[in-house]
Amino acid sequence: MTGDPEKRANRRDLGRVFNEVAEVYDRVRPGYPDELFADLVAITGMDERSSVLEVGCGTGQATRSLAALGCSVTAVEPGRDMAALARRRLAAFPGVEVETSTFEEWDDRGARFDALVAASSWHWVDPSIGWRRAHDVLRPGGWLALLGNVVVRRPGEPEVYAETADLHERFCPGNPGWGHPPLEDDVRGTDEGWGLVDGPGGLFGPTIVRWYPTVQWFDGAGFADHLRSTSLYRGLDRDVREPLLDAIAELVLTRMDDRASRRYLTVLRVGQRSEVP
C-alpha cells in the first residue's frame with residue numbers, strides 16, 4: 001500500500017467518526033437533487049442494465065436515488081453503524097448490496113462496473129490508491145462521478161458562521177477552520193478538473209461539471225445537530241464541541257428567530273475512464 005501512512009491513518013480515523021452519529025447524519029445531512037441524477041443518466045447513459053459501485057455510501061442518501069434508477073448498486077461503507085443503517089433504509093431495493101469496508105481495502109472479487117459514484121466521500125479515499133483502483137474496477141468506457149455539497153454564502157445574507165464567530169473563538173480559539181464559507185460566484189468559477197489537489201492524471205478523461213443550488217433550513221437544535229454531523233466538529237474534543245454547539249443552538253433561537261439556513265452548491269463532476277496502461 002502506498003501513500004503517506006500518517007495521512008492514511010487520519011483519513012481512516014476521521015472517515016469513521018460519522019459512525020458515532022449515524023442516525024443524526026442520516027437526518028440532517030443534505031441530499032442530492034433529482035436533477036443531478038437526471039443529468040448523470042444523460043451524460044453516462046446509465047440505465048436499469050448498469051452496474052454501479054458506490055464508494056462511501058454513508059446512510060444511503062445518494063444510494064436511494066441510484067437504486068431508483070433501476071441500477072444494481074454495490075455500496076461500500078467503512079462505518080459499521082452507517083452501513084447497518086443504510087441496509088435498513090435500502091431494504092426495499094433488492095438490487096442494492098451494502099458491504100462494510102474502506103474502498104482501499106475492499107475485496108472486489110473480480111467484479112467490474114459501468115460507473116463508480118462517490119457522494120461527499122472521495123476526499124476520505126487515499127488518492128495514491130483511489131484513482132488507480134477506480135480505473136481498475138470500471139469496465140472500458142465506464143464513468144467516475146463525484147458528488148458533493150459545497151457550503152456557500154451570498155453577499156448581504158445572514159450567515160450563521162458570522163453570527164457565531166464570537167462563540168467559536170470563545171470555546172475553541174484560533175482554529176483555522178472557522179470563517180466565512182466562500183461566495184457562491186467564486187465556487188461556480190471552479191469548473192476545471194475534479195475539485196481536488198491530487199488529480200487522477202491521465203486515468204480519466206476531461207470532467208463535465210454541473211452545479212445545483214440548494215438550501216437547508218434548521219431551528220437552533222437542528223442546526224447544532226447538523227454541525228455535530230460534520231468532520232470539523234467531530235474532530236473536536238467532546239468537552240469543547242458540546243458546549244459550543246449548545247451555545248450555537250441558543251444563539252440561533254434568540255438572535256435569529258430559531259431559523260437558520262445553510263446554502264449549498266451541489267456539484268456533479270463526471271469523467272470517463274481512459275484507455276491507458
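## A walk from R269 through strands, charges and turns

R269 touches L144, A145, L146, T190, D191, E192, G193, W194, G195, I208, V209 and W211, leaving aside residues up to four places away in sequence, where contact means heavy atoms within 4.5 Å. This is a predicted model, in which local features need pLDDT of at least 70 and side-chain atom pairs count only at pLDDT 80 or more, while totals for chains, interfaces and linings use all residues. Residues are numbered from 1 along each chain as its sequence is written, and side-chain values use heavy atoms, with hydrogens and water left out.

R269 has its place in strand β7, helices (H or I, at least four residues) and strands (E, at least two) being DSSP runs numbered from the N terminus. With a relative accessible area of 7%, R269 is buried; the word buried stands for under 20% relative accessible area, exposed for over 50%, and partly exposed for what lies in between, with a 1.4 Å probe and protein chains only. From C-alpha to C-alpha, R269 and P206 are 9.8 Å apart in space, although 63 residues separate them in sequence.

The strand that holds R269 leads on to its partners. Strand β7 (residues 260–272) pairs with β5 in the antiparallel sense over 9 bridges, two strands being counted as paired if DSSP finds at least two bridges between them. Within this pairing, L144 stands opposite G271 in β7. Strand β5 (residues 138–151) also pairs with strand β4 (residues 113–119), here in the parallel sense and over 6 bridges, and A118 stands opposite L146 in β5. L146 is also among the residues that R269 touches. Between these parallel strands comes helix α6 (residues 127–137), and β4, α6 and β5 together make a right-handed β-α-β unit; a crossover is right-handed if, with the strands pointing away from the viewer, the path from the first strand over the helix to the second runs clockwise.

Charged side chains offer a second route through the model. The structure holds 13 salt bridges, each being a side-chain nitrogen of Lys or Arg within 4 Å of a carboxyl oxygen of Asp or Glu. In one of them the side chains of R255 and D166 meet at 3.5 Å, N to O. That pair links distant parts of the chain, since R255 belongs to helix α12 (residues 238–255) and D166 to helix α8 (residues 165–171), 89 residues apart. R255 has a relative accessible area of 49% and is therefore partly exposed, and D166, with 39%, is partly exposed as well.

Another salt bridge joins the side chains of R228 and E242 at 2.8 Å, N to O. Here too the pair links distant parts of the chain, with R228 in helix α10 (residues 220–228) and E242 in helix α12, 14 residues apart. Both R228 and E242 are buried. E242 also meets R241 in a salt bridge of 2.9 Å, N to O; R241 counts as buried because its relative accessibility is 6%, and E242 does so at 16%. D225, R228, R241 and E242 are linked in a network of salt bridges.

E54, in strand β1 (residues 51–55), presents another arrangement. This residue is buried yet has no salt bridge, and the nearest side chain of opposite charge, R64, is 9.5 Å away; for this purpose Lys and Arg count as positive and Asp and Glu as negative, whereas His and the chain ends are not counted. Not counting residues up to four places away in sequence, E54 touches A62, T63, L66, V73, T74, A75, V76, V117 and A119.

The loop between α12 and β7 is the next stop, and D257 lies in it, as does D258. Most residues other than glycine have a negative phi. The phi of D257, however, is near 60°, a positive value, and that of D258 is likewise positive and near 60°. D257 is exposed, with a relative accessible area of 69%, whereas D258 is partly exposed at 29%.

The cysteines complete the tour. The structure holds 0 disulfides, a disulfide being a pair of cysteine sulfur atoms within 2.5 Å. C57 is buried, with a relative accessible area of 3%, and C172 counts as buried at 15% relative accessibility.
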